[in-house]
Amino acid sequence: RTLLKGARDVLTRHEAQNRSARHRTVTVSDDAGTAVRVDLDIAADEDDPHALLTAWDGPEKLGERRVAPNFKLTAAAAGKWVAGGYGDA
């Protein structure tokens, strides 16, 4: 039982590390001064590599855009995307 619990703990930590490596978040302000959270989630898909860029105002989704899996999420890139009305990233 102790070995199984240890193995499960290792797998759980490994999965959590993989999830955190595929998720990034940055908060920027829009033109009205409202804080907008922008998330980048990289899909774990070898056949169709991509990432999703999503803008949130609290619980409300403001926009979503599919981007390249190597997209670099920075405050400047997120601010440009938010200022552009959630068009091209």
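## The nonpolar core

A nonpolar core is taken here as a set of buried Ala, Val, Leu, Ile, Met, Phe, Trp, Tyr and Cys residues that are joined through side-chain atoms within 4.5 Å. In this predicted model, the largest such core holds 14 residues, and among these Val38, Leu40, Leu53 and Leu73 touch the most other members. Two or more residues are contributed to this core by each of strand S1 (23-29), strand S2 (35-42), strand S3 (51-57) and helix H2.

The surroundings of Leu73 can be listed once its neighbours within four places in sequence are left aside: Leu73 is then in contact with Arg24, Thr25, Val26, Val38, Asp39, Leu40, Leu53 and Ala78. Val38, Leu40 and Leu53, named with Leu73 for touching the most other core members, are thus found again in the list of contacts of Leu73.

## The sheet and the helix across it

The strands form an open sheet of four, in the order S1-S2-S3-S4 and with antiparallel pairing. Its edges are S1 and strand S4 (60-67), each of which pairs on one side only, and neighbouring strands of the sheet are turned by 20° against each other on average, with direction ignored. In general, the strands of a sheet pair through backbone hydrogen bonds, either parallel or antiparallel.

Within the sheet, S2 and S3 pair in the antiparallel sense over six bridges, and the bridge partner of Ile42 in S3 is Ala51. Helix H2, which spans residues 75-83, lies across S1, S2, S3 and S4 and runs at about 60° to S1.

## Two buried polar residues in the strands

Asp39 has its place in strand S2 and, at 6% relative accessibility, counts as buried, since the limit for that class is under 20%. The side chain of Asp39 is joined to that of Trp56 by a polar contact of 3.3 Å. When neighbours within four places in sequence are left aside, the residues in contact with Asp39 are His23, Arg24, Thr25, Leu52, Leu53, Thr54, Trp56 and Leu73.

Thr54, which belongs to strand S3, likewise counts as buried, with a relative accessibility of 3%. A polar contact of 3.3 Å joins its side chain to that of Glu64. Not counting residues up to four places away in sequence, Thr54 touches Arg37, Val38, Asp39, Lys61, Gly63, Glu64 and Trp81, so that Asp39 and Thr54 each appear among the contacts of the other.

## The aromatic pair and the end of H2

How many aromatic pairs does the model contain? The count comes to one, and its members are Trp81 and Tyr86, whose ring centres lie 5.3 Å apart and whose planes stand at 80°, so the pair is edge-to-face, the class that applies over 60 degrees. The two partners fall into separate classes of accessibility: Trp81 is buried, with a relative accessible area of 1%, whereas Tyr86, at 23%, counts as partly exposed. Trp81 is also one of the residues that Thr54 touches.

Ala83 lies in helix H2, at the end of its range of residues 75-83. With 48% relative accessibility, Ala83 counts as partly exposed, because the exposed class begins only over 50%. The C-alpha atom of Ala83 is separated by 29 Å from that of Asp48, a residue 35 places away along the chain.

Technical notes: Residues are numbered from 1 along each chain as its sequence is written. This is a predicted model: local features need pLDDT of at least 70, side-chain atom pairs count only at pLDDT 80 or more; totals for chains, interfaces and linings use all residues. Side-chain values use heavy atoms; hydrogens and water are left out. Buried means under 20% relative accessible area, exposed over 50%, partly exposed in between (1.4 Å probe, protein chains only). Contact means heavy atoms within 4.5 Å. Rings of Phe, Tyr and Trp (its six-membered ring) pair if their centres lie within 6.5 Å; planes under 30 degrees apart count as stacked, over 60 as edge-to-face and the rest as tilted. A polar contact is a pair of N or O atoms within 3.5 Å; within protein, one must be able to donate a hydrogen and the other to accept it, and residues adjacent in sequence count only if both atoms are side-chain atoms. Two strands pair if DSSP finds at least two bridges between them. Axes are lines fitted to C-alpha atoms, for helices over the stretch in contact, and angles run from 0 to 180 degrees between N-to-C directions.
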